[in-house]
Each structure stands twice: as structure tokens, then as C-alpha cells.
Amino acid sequence: MLLAALPILVELFTSEGCSSCPPADAALARLHEKQPVPGVQLLVLSEHVDYWNNLGWRDPYSDEQFTDRQSRYAPMLSRSRVYTPQAVVDGQIDVLGSDETGIVRAAKGAAAEPHGTVQIVRNVQNVQNARITATGLPPHGPAQVLLAVVEDGLFSHVLRGENEGRTLPHTAVVRSLKGVGSIPASAKNFTVEAEIPTDPAWKRTRVVVFIQDRESLRVLAAGSM
């Protein structure tokens, strides 16, 4: 019997206003497409921060929510300040976003740690709802269930700023990220019903769900649909 690949979350904090970010965006796309880690499924998220928006170009995919999320990681990763492009693997490992080899190495290390499993089943009567089941969670404090809707195949024609004149492709752009449940400390199993956000403007979307310890920010389990 073949064992299922272990999902490991890779978050890229990026911006269209940053000239160092396009190589990281390209690296994330390759990791998503090639899945280079045996026995591991890399679940990638592209989270566009907004602190570059006052330097000539407003990133259309940016959101203050992602800036706040990155800022929460900084003290956990012994960073005095945030930067782009930054990859955070499994909520625990900080890697330069364009360092593809470093991200692969971090994912291999993360996969050696215990993780639970996440199953997402869409409601057949209401396809906008899904049942999320987490099982076998490792020891943890209070945790949160987070649901991300991501869109692939996006392009931007940048008219100003550091990337002026470039057409930038994007993979796994987070269109919505919201908490859909809270898990008590030490609970191994959990089930919640959640609504999946939709928007007519979103065309090629996927759902990524992950369980994150509220204090350590370690990702305890992840899955996709």
C-alpha cells in the first residue's frame, strides 16, 4: 500500500512592489508544479503584504492581513523586522523566499516532525460548505483551524515602482484567509463545518486548510481540496 504524501505548508510573503520578489514567486510556482520532496506534498501560499504599496505601485493582491500575519511570525523566528521575499515553512522555519534549495531542505526537516491529518469533504447539497476533520494531532496548545482560498494562473502588468514594465505571473495567491474553528489544547481529533468563500472574479481556485498552534505558530496538520 502506498503511503500518502505528508502535506507541509510553505508560506511566501511577497509583493509586486519589491524587485527581489519575482524570483521568489517563480520558485514558489516551481515547487508547486514539480513537488520535488519525496513523500511530501508542498502546500504553497502566496501572501502579498501591503507595506510596499506606498513606493509607487499598489499590489492588487496585497492585504494588511498578510502584513499582520508576517509580523506575528517575526519574534517566533528571531527576526527584529519583516522582509520580502520571506518563506515560512511549517510555521517554524524562516527561509529566503528565492532560496528554492533552502525551502526544500526546510520542508524535509519539517516532515520529520509529527503531524496530524486533515480531510476536507465538500457538502454535496451545498457546495459552498465543507466538513473539515483533523485527526492524530501531535501535542499542542490551543490551536486554530484556518481556511485559505488560493488562485493560480494570475498575471499583473506592473506600471510603476521597482518592477515597472514587467508582467508578473503568480501561483497560489491567497484570496481569502479566515479562521473557521478553535481546537482545545491537547485535542487529537476535531471536526468543523465551514463555508468556503467565493467571488465571481476568482477563476482557478483551490482550498488549503491548516491547523496552527496559536502560541508557537507551528503547523500541526494541513490538507487541500
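**Exercise 1. Is Tyr-73 buried or exposed, judging by its relative accessibility?**

*Solution.* The model under study is predicted.
Step 1. The relative accessibility of Tyr-73 is 1%.
Step 2. A residue counts as buried when its relative accessible area is under 20%.
Step 3. Tyr-73 is therefore buried, since its value is 1%.

**Exercise 2. Describe the aromatic pair that contains Tyr-73, and state where its two members lie.**

*Solution.*
Step 1. Searching the whole structure yields 1 aromatic pair.
Step 2. Its members are Phe-13 and Tyr-73, with 6.1 Å from centre to centre and 65° between the planes.
Step 3. Planes over 60 degrees apart count as edge-to-face, so the pair of Phe-13 and Tyr-73, at 65°, is edge-to-face.
Step 4. Phe-13 belongs to strand 1 (residues 6–14) and Tyr-73 to helix 2; with these positions 60 residues apart, the pair links distant parts of the chain.
Step 5. Phe-13 is buried, because its relative accessible area is 0%.

**Exercise 3. Characterise the largest pocket: its volume, its lining residues and the elements that supply them.**

*Solution.*
Step 1. The volume of the largest pocket is about 210 Å³.
Step 2. Its lining consists of 14 residues; nearest the centre lie Arg-69, Arg-72, Gln-144, Leu-146 and Gln-212.
Step 3. At least two lining residues come from each of helix 2 (64–76), strand 7 (143–151), strand 10 (173–183) and strand 12 (205–213). Helix 2 contributes the most, with 5 residues.
Step 4. By class, the lining comprises 6 charged, 4 polar and 4 nonpolar residues.

**Exercise 4. Determine the surroundings of Glu-151, beginning with its accessibility.**

*Solution.*
Step 1. Glu-151 is located in strand 7. Glu-151 counts as buried because its relative accessibility is 2%.
Step 2. The side chain of Glu-151 makes a polar contact of 2.8 Å with the side chain of Arg-175.
Step 3. A polar atom of the Glu-151 side chain also lies 2.9 Å from the backbone nitrogen of Lys-203.
Step 4. Beyond four places in sequence, the residues touched by Glu-151 include Thr-171, Val-173, Trp-202 and Thr-205.

**Exercise 5. Which side chain forms a polar contact with that of His-170?**

*Solution.*
Step 1. His-170 is placed in strand 9 (residues 167–170).
Step 2. With a relative accessible area of 4%, His-170 is buried.
Step 3. The partner is Glu-16: a polar contact of 2.6 Å joins the two side chains.
Step 4. Among the residues that His-170 touches beyond four places in sequence are Glu-16, Asp-25, His-48 and Tyr-61.

**Exercise 6. Set separation along the chain beside separation in space for Val-192, Leu-137 and Gln-128.**

*Solution.*
Step 1. Val-192, in strand 11 (residues 190–195), is 36 residues along the chain from Ser-156, and their C-alpha atoms are 36 Å apart.
Step 2. Leu-137 occupies the loop between strand 6 (129–135) and strand 7. Its C-alpha atom is 8.1 Å from that of Pro-114, 23 residues away along the chain.
Step 3. Gln-128 is in the loop between strand 5 (117–122) and strand 6. Gln-128 and Ala-194 are 66 residues apart along the chain, and 8.5 Å separates their C-alpha atoms.
Step 4. As to accessibility, Val-192 is buried at 13% and Leu-137 is buried at 4%, whereas Gln-128 is partly exposed at 35%.

**Exercise 7. Examine the backbone at Pro-85, Asp-90 and Ser-186.**

*Solution.*
Step 1. As a general background, most residues other than glycine have a negative phi, and most peptide bonds are trans.
Step 2. The peptide bond joining Thr-84 and Pro-85 is cis, with omega about -5°. Pro-85 is in the loop between helix 2 and strand 3 (86–89).
Step 3. Asp-90, in the loop between strand 3 and strand 4 (93–96), has a positive phi, near 60°. Asp-90 is buried, its relative accessible area being 3%.
Step 4. Ser-186 has a positive phi as well, near 70°, and is part of the loop between strand 10 and strand 11.
Step 5. The cut-off for exposed is over 50%; Ser-186, at 55% relative accessibility, therefore counts as exposed.

Key:
Residues numbered from 1 in each chain as written. Predicted model: local features only at pLDDT ≥ 70, side-chain atom pairs only at ≥ 80, totals over all residues. Heavy atoms only, no water. 1 Å grid on protein atoms, 1.4 Å probe; cavity = no way out; pocket = protein on both sides within 12 Å on 5 of 7 lines; lining within 4 Å. Points joined across faces, edges and corners; volume = space filled by probe spheres on them. Helix = DSSP H or I, 4+ residues; strand = E, 2+ residues; numbered from the N terminus. Nonpolar A, V, L, I, M, F, W, Y, C, P; charged D, E, K, R; others polar. Phe/Tyr/Trp six-rings, centres within 6.5 Å; stacked < 30°, edge-to-face > 60°. Buried < 20%, exposed > 50% of the residue type's maximum accessible area, 1.4 Å probe, protein only. Polar contact = N/O pair within 3.5 Å; in protein donor to acceptor, adjacent residues only side chain to side chain. Contact = heavy atoms within 4.5 Å.
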